[in-house]
Amino acid sequence: AALAAARAFLALGGDSVERPWRISEMPGAAEAVAQALGAALRPGRLELSSPPGLGVTAQKDGAAAVTLLPPLGRLDRASLDTLLAIVEGRAVEVRLSCARTLTLPDVDPSQAHAVASRLERAGFAVSESSGWRGLSACAGLGACAHARLDVRAAATRRAALRRADSPGEHWSA
């Protein structure tokens, strides 16, 4: 559904240099995208549940789950290779959440902390005290034509200073 909505946005935005950057900037806005998908928007506000906790948690069936956060929701080659090495050849799946977290359910409890440590060494946040929790940034300089700053680098510096109870922050260039 997300890919279909993205494709509809691109198709409705046209090919001009002045193409909309956000759905709200296009004629018809979100309603036009919904209509292109054969859907309709419902009035109201979506209430999101709190994001899953980071780290190792016990499952009801005795197995463990490891939840991690790729900083800024980005996976580089090295972190992805580590993640794939952990799940490859095992009956472990990777679940994605809208909170930008990844969860590996059904991990052997005797191996769960070692898996979490390996993922942390690969650059993932796996602790609730991580400064990456609640921190986001736009694509920034080098990845966005509208950007004026390297906000990913600034967010990385900020993550080192944030506390576990820090409010959410979004950095924009």
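User: How do the axes of α3 and helix α4 (residues 109-121) cross, and at what angle?
Analyst: This is a predicted model: local features need pLDDT of at least 70, side-chain atom pairs count only at pLDDT 80 or more, and totals for chains, interfaces and linings use all residues. Axes are lines fitted to C-alpha atoms, for helices over the stretch in contact, and angles run from 0 to 180 degrees between N-to-C directions. The axes of α3 and α4 come within 9 Å, and the angle is roughly 160°.

User: Are α3 and α4 roughly parallel or roughly antiparallel?
Analyst: Angles under 35 degrees count as roughly parallel, over 145 as roughly antiparallel, 65 to 115 as roughly perpendicular and the rest as oblique. The crossing angle is roughly 160°. Therefore α3 and α4 are roughly antiparallel.

User: Which residues of α4 do T82, L83, A85 and I86 in α3 meet?
Analyst: Residues are numbered from 1 along each chain as its sequence is written, and side-chain values use heavy atoms, with hydrogens and water left out. Contact means heavy atoms within 4.5 Å. The α4 partners are V115, R118 and L119.

User: Is S79 buried or exposed?
Analyst: S79 is found in helix α3 (residues 77-87). Buried means under 20% relative accessible area, exposed over 50%, partly exposed in between (1.4 Å probe, protein chains only). S79 has a relative accessible area of 5%, so S79 is buried.

User: Which residues does S79 touch, not counting those up to four places away in sequence?
Analyst: Close sequence neighbours are set aside here. Residues up to four places away in sequence do not count. That leaves A122 and F124.

User: What span should helix α1 (residues 2-13) have?
Analyst: Helices (H or I, at least four residues) are DSSP runs, numbered from the N terminus. The expected span is 1.5 Å times one less than the number of residues. Helix α1 has 12 residues, and its end C-alpha atoms are 16 Å apart, which agrees with the expected 16 Å.

User: Why do the buried residues A8, F9 and G13 lie on the same side of α1?
Analyst: The arc is that of the directions from the helix axis to the C-beta atoms. A8, F9 and G13 are buried in α1. They lie on the same side because they cover an arc of only 125°.

User: Which exposed residues sit on the face of α1 turned away from its buried side?
Analyst: The buried residues of α1 pack against α2 (29-36). The face turned away from that buried side carries L3, R7 and A11.

User: Is L12 buried or partly exposed?
Analyst: L12 has its place in helix α1. Its relative accessible area is 41%, so L12 is partly exposed.

Technical notes: Helices (H or I, at least four residues) and strands (E, at least two) are DSSP runs, numbered from the N terminus.
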